[in-house]
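Reader: I'd like to go through this model at the bench, one question at a time. Can you walk me through it?

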Amino acid sequence: MAPRANWKGFLKIAELTCPVAIHTAASSAGGISFNTVNRETGHRVNREYVDNQTGKPVPKEDQVKGYETGPGEYVLLEPEEVASAVPQSDKTLTVDAFVNVPEIDDVFFDKPYFLAPDGRQGLEAYALIREGMREAGVAALARAVLFRRLRTVLIRPFETGMIATTLHFDHEIRSAEEAFSDISEIRIEGEMLKLAEHIIETKEGRFDPRSFEDRHDAALAELVRAKIEGRKIDMPKRKEQAKVIDLMEALRQSAKGTSPRKTPAAKKATASARKQPAGMTA
């Protein structure tokens, strides 16, 4: 039985329309969660809004949205006024264009959802859209009001269905130039670059999501079990981060710890590195 849909509507391409449903594809729910508890009484603590000047609790009916126009000055917005600004939904994912996925930088990717047919009525149209995109090697850019916001969605074939990924707007992406402004131009070449390429080559692998685990969540689960069972909790010691001074020596040590493949390039890089003096530091 299919899980409950987060949204139901129609996928529309020109005159072709089919009923669809959106389901959550990724969720952080299910991990360890905590409540805030009063240490003295063992009772849960309730969150309460208080006036930051008087310190008195503010009743729910007196809580309104406010936009700060100056220090301590706000324009107040009533709930019905805020609601009037929410775009009206026609429950339609309208496709504007078909694009090549590599054209979209994944920094724009927000949240993935499973886009499934809603009932058997539009199954043929759904399959036609999916297979048409798969054959052409493209994805669809669509717009719809989802979760009270007008959103741009990237729709792609995925296994027997489709994935709909909401995209960030351009103004939501922060400037990369600001983040990287302190990075100076450094030219890496010669034996140092060959050694780095060798290390990367020996560590080549394939992405398998099943090989990754949330160690923090697992550690919290074990901590809770130990508390319940009354077992002694051994607090792990924090490891000191190694300080790398000589970059070339660090590369050499990393190369020693790998299992080099028997390729001419790999053997040449390792042999050359042994003869190269440590001439660069970081």
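Reader: Is Pro117 buried, partly exposed or exposed?
Author: A quick note before that: this is a predicted model, where local features need pLDDT of at least 70, side-chain atom pairs count only at pLDDT 80 or more, and totals for chains, interfaces and linings use all residues. Residues are numbered from 1 along each chain as its sequence is written, and side-chain values use heavy atoms, with hydrogens and water left out. Buried means under 20% relative accessible area, exposed over 50%, and partly exposed in between, with a 1.4 Å probe and protein chains only. Pro117 has a relative accessible area of 27%, so Pro117 is partly exposed.

Reader: Which strand does Pro117 lie in?
Author: Helices (H or I, at least four residues) and strands (E, at least two) are DSSP runs, numbered from the N terminus. The C-alpha atoms of Pro117 and Ile22 are separated by 8.8 Å, with their places 95 residues apart along the chain. The strand that holds Pro117 is E6.

Reader: Which residue of E6 is the bridge partner of Ala21?
Author: Two strands pair if DSSP finds at least two bridges between them. E2 and E6 do so in the antiparallel sense, over five bridges. For Ala21, the partner in E6 is Ala116.

Reader: And over how many bridges do E1 and E2 pair?
Author: One bridge puts Gly9 opposite its partner Val20 in E2. The hairpin of these strands has two residues between them, and Ala14 takes a positive phi near 55° there. E1 and E2 pair in the antiparallel sense, and the count of bridges is seven.

Reader: Which residue meets Lys8 in a salt bridge?
Author: A salt bridge here is a side-chain nitrogen of Lys or Arg within 4 Å of a carboxyl oxygen of Asp or Glu. Side chains of opposite charge can pair when their charged atoms come close. For Lys8, the N to O distance is 3.7 Å, and the residue on the other side is Asp118.

Reader: How many residues apart are Lys8 and Asp118 in that salt bridge?
Author: Lys8 is partly exposed at 47% relative accessible area, and Asp118 is also partly exposed, at 28%. The salt bridge of Lys8 and Asp118 links distant parts of the chain: Lys8 sits in strand E1 (residues 7-13), and Asp118 in the loop between strand E6 (109-117) and helix H2 (123-136), which puts them 110 residues apart.

Reader: What about Arg149, which residue does its side chain meet in a salt bridge?
Author: Arg149 is partly exposed, with 34% relative accessible area. Its salt-bridge distance is 3.3 Å, N to O, and the partner is Glu172.

Reader: Which residues are linked with Arg225 in a network of salt bridges?
Author: Within the network, Arg231 and Glu229 form a salt bridge, with their closest N and O atoms 2.6 Å apart. Arg231 is partly exposed at 36%, while Glu229 is exposed at 52%. The residues linked with Arg225 are Glu222, Glu229 and Arg231.

Reader: How many Å apart are the end C-alpha atoms of H2?
Author: The expected span of a helix is 1.5 Å times one less than its number of residues. H2 has 14 residues, so it should span 20 Å. The ends agree with that, as the C-alpha atoms there are apart by 20 Å.

Reader: Within what arc do the buried residues of H2 fall?
Author: The buried residues are Ala125, Tyr126, Ile129, Arg130 and Met133. Seen down the axis of H2, they line one face of the helix, because they fall within an arc (taken from the directions from the helix axis to the C-beta atoms) of 135°.

Reader: Which exposed residues does the face of H2 turned away from its buried side carry?
Author: An α-helix has 3.6 residues a turn, so residues three or four places apart point the same way. On H2, the face turned away from the buried side carries Glu124, Leu128 and Glu135.

Reader: What arc do the buried residues of H4 cover?
Author: The buried residues of H4 are Glu191, Met192, Leu195, His198, Ile199 and Thr202. They sit on the same side of H4, because the arc they cover around the axis is only 125°.
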